[in-house]
Amino acid sequence: MISRFLSGVRGTILSPRNSSPLSKFRDFYCYTSQAASSLQQACEPFPYSEDEYAYVDWDNLGFGLMPTDYMYVMKCSENDRYKEGKISRYGNIELSPSAGVLNYGQGLFEGLKAYRKESGGLLLFRPDQNAMRMKFGAERMCMPAPSVDQFIDAVKQITVANKRWVPPPGKGSLYIRPLLMGSGPILGLAPAPEYMFLIYASPVRNYFKEGSAPLNLYVDDEYDRASRGGAGGVKTITNYAPVLKAIMSAKGRGFSDVLYLDSMNKKYLEEVSSCNIFLVKDKVISTPATNGTILSGVTRKSIIEIARDLGYQVLKISHLSCSSDHRAFPKAEMRMWQQVEERAIPVEELMYADEVFCTGTAVVVAPVGSITYKDKKVEFRTDAEALSRKLYNTLVGIQMGVIEDKFGWTVEIE
């Protein structure tokens with residue numbers, strides 16, 4: 001089956017070679033996805049040349065929706081497999097009022113980025129991890145998921161189709177948003193009879209309005225982000241709307257975002273609204289263990305692996321308790337070397353941390369300048385020599401192709 005691109009030029013185009021966009025029509029190809037392979041078939045041409053950029057003020061790009069030219073759609077009926085997808089022009093989709101995603105929140109999403117190299121080539125960062133996380137989440141939400149190969153193939157297609165929206169090197173990235181939803185109609189509480197896998201994209205830069213400036217977080221001990229036995233550990237759409245009230249309240253008081261505690265004891269750190277959190281004390285990096293209530297972030301995992309490469313020993317600890325006055329971090333006698341610990345972290349440890357930083361696809365690695373808990377504000381190191389800065393530079397260098405990727409994380413799109 002051949003997917004047809006609609007004709008016409010969408011918006012004004014900036015061309016580095018100052019050539020007319022209408023004079024540069026070329027024979028491009030459209031792509032369809034069948035099983036795990038890409039089939040290239042002749043179709044109506046992309047109305048843009050490879051060396052053209054969309055008309056965007058790249059120097060003032062933020063993190064907001066800027067619709068690009070194309071999206072990707074693939075459907076699956078109940079008890080069937082995803083067989084065929086297509087690229088189409090970005091636009092509204094049609095859903096039944098009784099669609100499972102609208103009535104019962106049966107939906108997942110992912111987030112990953114494409115970067116432009118100095119040579120003009122495009123790089124994806126660990127798309128296989130997003131694909132596997134979607135499969136894991138789909139099982140939890142009783143949904144069929146695309147295979148890892150289908151997922152990566154679709155992400156490549158949407159990136160190529162929207163190449164002119166990938167920012168110039170160092171000016172941002174193309175944020176890619178895969179969605180998996182119960183699109184079929186259902187009245188009683190049950191899995192939907194049909195599913196849709198959809199991907200759209202938007203050029204972005206800094207997630208927080210502070211840009212690269214340190215964040216100011218507020219510890220909320222009233223609202224929960226997730227509870228034991230729930231779906232906090234998967235990227236379901238139902239995890240995000242419930243935190244909006246806490247976020248709006250915190251931002252109304254001048255904070256960047258909210259840091260949540262565990263729902264059972266209101267004692268242990270969990271995560272920020274849309275990112276994971278790390279603490280640094282002396283030579284030890286600590287982050288809450290993913291125990292079912294915390295999302296296993298791709299950036300979180302990457303930072304742990306980068307720290308390991310820098311000489312940090314990675315330890316996974318089910319539980320450690322602080323001393324009675326919380327002045328000494330647990331098991332101090334074991335902390336003579338550089339370590340990364342995944343464990344339960346009492347909120348009081350924030351009071352004595354040297355550094356705090358957040359990680360996520362959108363935020364990358366964001367230093368935290370201060371955290372307020374029970375009306376007490378604590379400030380942290382954020383200077384150029386901070387460990388978070390070193391981790392950020394290494395990660396972004398790999399993502400943009402300026403540092404050797406010895407981990408094999410990046411996928412180059414020809």
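Here are four short exercises on this predicted model, each with a worked solution.

Residues count from 1 along each chain as its sequence is written. Since we're in a predicted model, local features need pLDDT of at least 70 and side-chain atom pairs count only at pLDDT 80 or more, while totals for chains, interfaces and linings use all residues; side-chain values use heavy atoms, with hydrogens and water left out.

**Exercise 1. Get an overview of the protein chain.**

Start with secondary structure: the chain has six helices and 22 strands (DSSP runs numbered from the N terminus; helices are H or I with at least four residues, strands E with at least two). Next, burial: of the 414 residues, 53% are buried (under 20% relative accessible area with a 1.4 Å probe, protein chains only; exposed is over 50%, partly exposed in between). Then take contacts (heavy atoms within 4.5 Å): among those with a separation of 6 or more, 72% join residues 24 or more positions apart. Finish with the accessible surface, about 18,900 Å², 50% of it from carbon and sulfur atoms (Shrake-Rupley method, 1.4 Å probe).

**Exercise 2. Work out the surroundings of arginine 126: is this residue buried or exposed?**

First find the spot: arginine 126 sits in the loop between β9 (122–125) and α2 (127–140). With a relative accessible area of 5%, arginine 126 is buried. Now look beyond the neighbours within four places in sequence, and you'll meet Val298, Lys301, Ser302, Glu305 and Trp409 in contact with arginine 126. Zoom in on serine 302: its side chain makes a polar contact with that of arginine 126 at 2.9 Å (a pair of N or O atoms within 3.5 Å, one able to donate a hydrogen and the other to accept it; residues adjacent in sequence count only if both atoms are side-chain atoms).

**Exercise 3. Find which strands pair with β11, and in what sense.**

Strand β11 covers residues 194–204, and nine of its eleven residues are buried, so the rest of the structure largely encloses β11. Pairing takes at least two DSSP bridges between two strands. One partner is β5 (residues 70–77), antiparallel over six bridges; here lysine 75 bridges to methionine 196 in β11. Another is β10 (residues 173–182), also antiparallel, over ten bridges, with leucine 174 bridging to proline 203 of β11.

**Exercise 4. Check the span of α6 against expectation, then see what follows the helix.**

Helix α6 runs over residues 387–399, 13 in number. The expected span is 1.5 Å times one less than the number of residues. From first C-alpha to last, α6 reaches 18 Å, close to the 18 Å expected. Its buried residues include Leu387, Leu391 and Leu395. After α6 comes glycine 401, with a positive phi near 80 degrees.
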